[in-house]
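Biologist: Could you take me through this model and tell me what stands behind each label you use?
Modeller: Gladly, let us have it on the screen.

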Amino acid sequence: MRRVMIAFFMLAAAVIGICIITVISDSKMKALDNQITELYNNAESYSEKEINSEINKLLTDWNKTQKFLKFFTVHEKILPLDENIRELEETAKSYDISEIKKQCARIKIILETVYTSEKPFAENIF
Amino acid sequence: MLISLIRAIILYAVVIFLIRLMGKRQIGELQPSELVITILISEVASLPMQDNSIPMFNSMIPLIILVSFEIITSALSLKFHKLRNIMQGHPVIVIRNGLIDEDALKKLRLTVNDLISALRQRDVFEISQVSYAIFETNGKISILLKPVNKTLTPEDINLSPEDEGMPFAVICDGEFNKNSAAEINTDKNEVDRILTKKNRNIKNVLLMTINNKKKITIIDKDKKK
């Protein structure tokens, strides 16, 4: 009976843990997505200083998010996202608005891919 | 490499804990579902050991869920006969009153050679000596020999040998075993008294057994070592 109780407890802990981790990583991914969207929408109205400031903030938040995600996501999934965000930093130095927007669009697509690949949809399960 | 080492140690501890939690018997006695779980555990646990890009949680969560389900379904199998049949199957009689049940063999997808081989492994070389043979759910065969072929027992020749009881190992490899001592209502002081009487030191004793009739057997450690 004791083993059964421990099994139930472990199962409950695993399920609750998974739910909490999913909620946290979803919120972090959504926050990142919002930052990218805001940068994309307002890139034309930002000055060079403002763009660099926004991108530095994005990078700081991304480093924290990445540390968290690496505990629970296969590293190969996060790698393209990391590469493209670093590229965005490089692109921002040239202050080429169209390139910055293109890079933001690329990051949004990769974010969407990583986000949906973690969801329990039939195509992901099978 | 250090990461692989640390992961291997952590996963080893986790797998040992989970296997102990399942309370498993030896490999040869596992039911089909238990065998599947044991194999799955080893496969899932090995993934993050081989590939550092796979997070350890991706392995630990499935391990916990697999073991939890195994424990819960085995507990439910105790209560629900139908579930037990689904998970474990049921024993099949393949020899009945000395006659081979061919339909039973077909259902088990066994040949007569398989049956004879299984009987030989149980030291039965003549099928005509077998009254009943049953293939158990864990793949082992249980045999009931005909009365004329059974090994003679003291009861058959009207003898009543004394019951010497079960010997319990109170000292193993120089260490006192409290649980074994409790089985025969003795304690460390009593054991120390016995050893002192026999001019022995507990550290030099490899094995000491005492049975219910207080018969003592002591085997000393090899002095060369």
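**Labels and their reasons**

Modeller: Between chain A and chain B there are five residue pairs in polar contact, both residues at pLDDT 80 or more.

Biologist: What makes a pair a polar contact?

Modeller: A pair of N or O atoms has to lie within 3.5 Å; within protein, one must be able to donate a hydrogen and the other to accept it, and residues adjacent in sequence count only if both atoms are side-chain atoms. Five residue pairs between chain A and chain B pass. Please keep in mind that this is a predicted model, where local features need pLDDT of at least 70, side-chain atom pairs count only at pLDDT 80 or more, and totals for chains, interfaces and linings use all residues. Residues are numbered from 1 along each chain as its sequence is written, chains are lettered from A and ligands numbered from 1 in the order in which they are written, and side-chain values use heavy atoms, with hydrogens and water left out.

Biologist: How many salt bridges cross the interface of chain A and chain B?

Modeller: The rule finds zero there, while the count over all chains is ten.

Biologist: Why is A:Lys108 with A:Asp33 called a salt bridge?

Modeller: The term asks for a side-chain nitrogen of Lys or Arg within 4 Å of a carboxyl oxygen of Asp or Glu. The closest N and O atoms of A:Lys108 and A:Asp33 are 3.2 Å apart, so the pair qualifies. A:Lys108 sits in helix 4 (residues 97–117) of chain A and A:Asp33 in helix 1 of chain A, 75 residues apart. Helices (H or I, at least four residues) and strands (E, at least two) are DSSP runs, numbered from the N terminus.

Biologist: How many residues does each chain bring to the contact?

Modeller: Chain A gives 16 residues and chain B gives 20, where contact means heavy atoms within 4.5 Å. In chain A, the residues that lose the most area to chain B are A:Arg3, A:Met10 and A:Leu11, together 36% of what that side buries.

Biologist: What is the area buried between chain A and chain B?

Modeller: About 1500 Å², with carbon and sulfur atoms giving 77%. Buried area is the accessible area (1.4 Å probe) that two parts lose on being put together, summed over both.

Biologist: What makes strand 3 and strand 4 of chain B a pair?

Modeller: Pairing needs at least two bridges found by DSSP. Strand 3 (residues 130–135) and strand 4 of chain B have five, in the antiparallel sense, so they pair. B:Val130 stands opposite B:Leu145, and B:Tyr132 stands opposite B:Leu144. The two strands form a hairpin with five residues between them, and B:Gly139 in the turn has a positive phi of about 90°.

Biologist: Which strands of chain B form the open sheet with strand 5, and why do two of them stand at the edges?

Modeller: The order is 6-5-7-8, with antiparallel pairing. Strand 6 (175–176) and strand 8 (216–220) of chain B each have a single partner strand, so one side of each is left without a neighbour in the sheet. Strand 5 (residues 168–172) and strand 7 (residues 205–210) of chain B are joined by four bridges.
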